[in-house]
Amino acid sequence: MDLQYVPGIGPKRAALLASELKVTTDEELLNYFPYRYVDKSKVYRICDLQGEMPYVLLRGRFTMFEELGVGTRGHRYRGVFSDGTGMIECLWFQGIRFIKESVLAHEEYMLFGAPKLNDYTHGFQVSHPELEPASKNGIDAMQSLMGMYNTTEKMKKFFLNSRAIQRIILGYLQKHIEPFPETLPAYIVEHMHLMKYNQAIRQIHFPANPDNLQRAQYRLKFEELFYLQLYLIRSFKMRQQANRGFVFGRVGEVFNEFYFKHLPFELTNAQKRVIKEIRADMGSGRQMNRLLQGDVGSGKTMVALLTMLIAIDNGFQACLMAPTEILATQHYESLSAQLAEMNVRVALLTGSTRKKQRDEIHAGLLDGSVQILIGTHALIEPDVRFRNLGMVVIDEQHRFGVEQRSKLWVKNVQPPHVLVMTATPIPRTLAMTMYGDLDVSVIDELPPGRKPIQTIHRWDQQRDGLIAAMRKQLEQGRQIYVVYPLIEENEKLKYRDVEQGFENMQAAFGPEYRVVMVHGKMKPKDKDAAMQRFVSGEAHIMVATTVIEVGVNVPNASVMVIESAERFGLSQLHQLRGRVGRGADQSYCVLVTGYELSHDTRKRIQIMCDTTDGFEIAEADLQLRGPGDMEGTQQSGMAFDLHIASLAKDGQILQFARDLAKEIIDKDPLLEASENGILRRRLDVLFAHKVDWSQIS
Ligand code: ADP
Ligand code: MG
């Protein structure tokens, strides 16, 4: 049903709900769940408020009102609310006229709000509280748990606040007497001991008691995760059947010669295992789409090289695509060196490859003499054609959009095998969802002999000691990174900190030690030149923005100083830190912050100091930030909107849902059984608008 015909809505509110919440039908409205519940049986006393409070319920009266800053930007309306045990200040910045007319002094109110401690007055303050005359307390006096709905400022302006939404939903549910039809097959409801849909959808909005609320939440979370997994697993199966792959049946001379004569080190067990997994895939006759996860420095490049050698052994060409020119060049140099004594032709193609050389490479690709092509985005250009491309490796995938990857698929009559490598560790629950249709390999072991990086937190004020410690490292011949965040708010100031930092470093260490600077505003040529001076060891200190975040390998750099570390997210800090600790020396990461840190920031810094395990950090990041913000989820093409389940908190339910979905698809791949008809129809509805990314990679 169109929302405007739902009682209490009308065309104006319907338009608002559509534009602000993307809610356009009665069904979507029903699926707009409270984000939290207030226990109405628990009325706080103002004298008991302390520190940071969540949403609480108070009961009292306004003792005075005043209007402040009339006609200025600071225009606001202030009321003092008292319950006999204390006072709390209420503030309104919008809709002041309405509040002035409708909220009366000395009438008793129930007040909902999240009180904040005011640092100056030391009293509590709440802005835009929700008020309801105590005389008509609650929609249903017996109901103790009240749902709170997220709304926007704009909605509040039109009085469409949490209470209003609740009333609308209540009216709708009361009118809708017949039960809502079940959305899962009866055998699942029974097997998983789930609350029925009809009951769950009513209880989620108006829980009769905490137990019912919990069961309703469980049911709806399970259902959401289950359909998502069912969809992913079904796509995965369909793709397996649809896409035949080149069969790399043998491991031959090229691989063996390299492996037994030129391998510069013994592979770690994790590397060996992953190569086995990849070989099995490539020999199976179906196209490989594999995600290789491995923490920074875990040795993914060697896995890529060995994989490409297998392709060559089977008469195919391979390519390796990196997100930046610097990385591509580094890969080219190290792979060329490793293959120096072998008869394998490797070429590098980037945006700055000269025309003449480019033509040569194009010809070599077409006649098959170039066996491994390394490069940047330049590889996906349509004029780059291969004789027989069989293997594509993509490094640091979160920099590549799904669409770009898909262009590599068409470079042969049948899609080549694809190996996507990422150093952004993805927690299991997230990987299951984002890449539920990819095979995943994990390198969970670092090469031997690495000393764990020591991470230290320093305040801004401890700079003298820091400079002294840096000097010590420089005297031992080490190199140092100093990283600054970009100031995003102000284009003019954007690079001020880096530039200032560069001058400071020169003042502190020059001319004895050479300092270079790299940031995004510099010309690519200058950037590369500076980077090159650092890579070659000619420069000792590199002052940079996060452009160095991905992949660069300078084993002699053993110190990473991160300035204003409070401005970085956990996984970014971890990526940055991964630039050091690549050689045999003890490495250090110094996180420099100001004194005033929020609770979450303290936690982030603490986690960084406590562990170097990327997966542990990713897990913590997911808990702190939620999956929507996780790097990579946006570009993955698999970023789903979850209404109620949380990938951070509902890992266990996700596991149950996934296991069951797998079992069902294994038994009934096309969902043809009559008891599964409901599943097939639901999938069609739920994922009707979804592009089938599984067809791409
Ligand atoms: P990443 O996984 O971050 O891409 P790299 O492939 O760049 O890591 O490897 C990091 C460093 O470790 C490189 O210098 C590489 O030569 C080295 N390395 C990789 N595998 C091993 C191993 N099994 N034993 C010793 N060193 C290794
Ligand atoms: Mg790498």
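Reader: Leaving aside its neighbours within four places in sequence, which residues is F258 in contact with?
Author: Happy to start there, with the note that this is a predicted model. Contact here means heavy atoms within 4.5 Å. Once neighbours within four places in sequence are set aside, F258 touches L263, P264, M302, L305, L306, L309, Q338, L339 and M342.

Reader: Which helix gives the most to the largest nonpolar core?
Author: That core has 43 residues, and F258, L309, L339, I372 and M391 touch the most other members. The helix giving the most to this core spans residues 300–313 and provides 10 residues. Its name is α11.

Reader: How many residues are in the other core that lies apart from it?
Author: Good one to ask next. Among the members of this other core are I9, Y32, F180 and L220. Its total is 35 residues.

Reader: Which strands stand at the edges of the open sheet?
Author: The sheet has 6 strands with parallel pairing, in the order β17-β22-β21-β18-β20-β19. From one strand to the next, the twist averages 20 degrees. A strand with a single partner has one side left without a neighbour in the sheet, so the edges are held by β17 (454–459) and β19 (515–518).

Reader: Which residue in β22 stands opposite W459?
Author: Let's look at how β17 joins β22, residues 588–593: the two run parallel, with 6 bridges between them. Opposite W459, the residue in β22 is T593.

Reader: At about what angle to β17 does helix α20 run?
Author: Helix α20 covers residues 599–610 and lies across both β17 and β22. Its angle to β17 is about 145 degrees.

Terms used:
Residues are numbered from 1 along each chain as its sequence is written. Chains are lettered from A and ligands numbered from 1 in the order in which they are written. This is a predicted model: local features need pLDDT of at least 70, side-chain atom pairs count only at pLDDT 80 or more; totals for chains, interfaces and linings use all residues. Side-chain values use heavy atoms; hydrogens and water are left out. Two strands pair if DSSP finds at least two bridges between them. Helices (H or I, at least four residues) and strands (E, at least two) are DSSP runs, numbered from the N terminus. Axes are lines fitted to C-alpha atoms, for helices over the stretch in contact, and angles run from 0 to 180 degrees between N-to-C directions. A nonpolar core is a set of buried Ala, Val, Leu, Ile, Met, Phe, Trp, Tyr and Cys residues joined through side-chain atoms within 4.5 Å. Buried means under 20% relative accessible area, exposed over 50%, partly exposed in between (1.4 Å probe, protein chains only).
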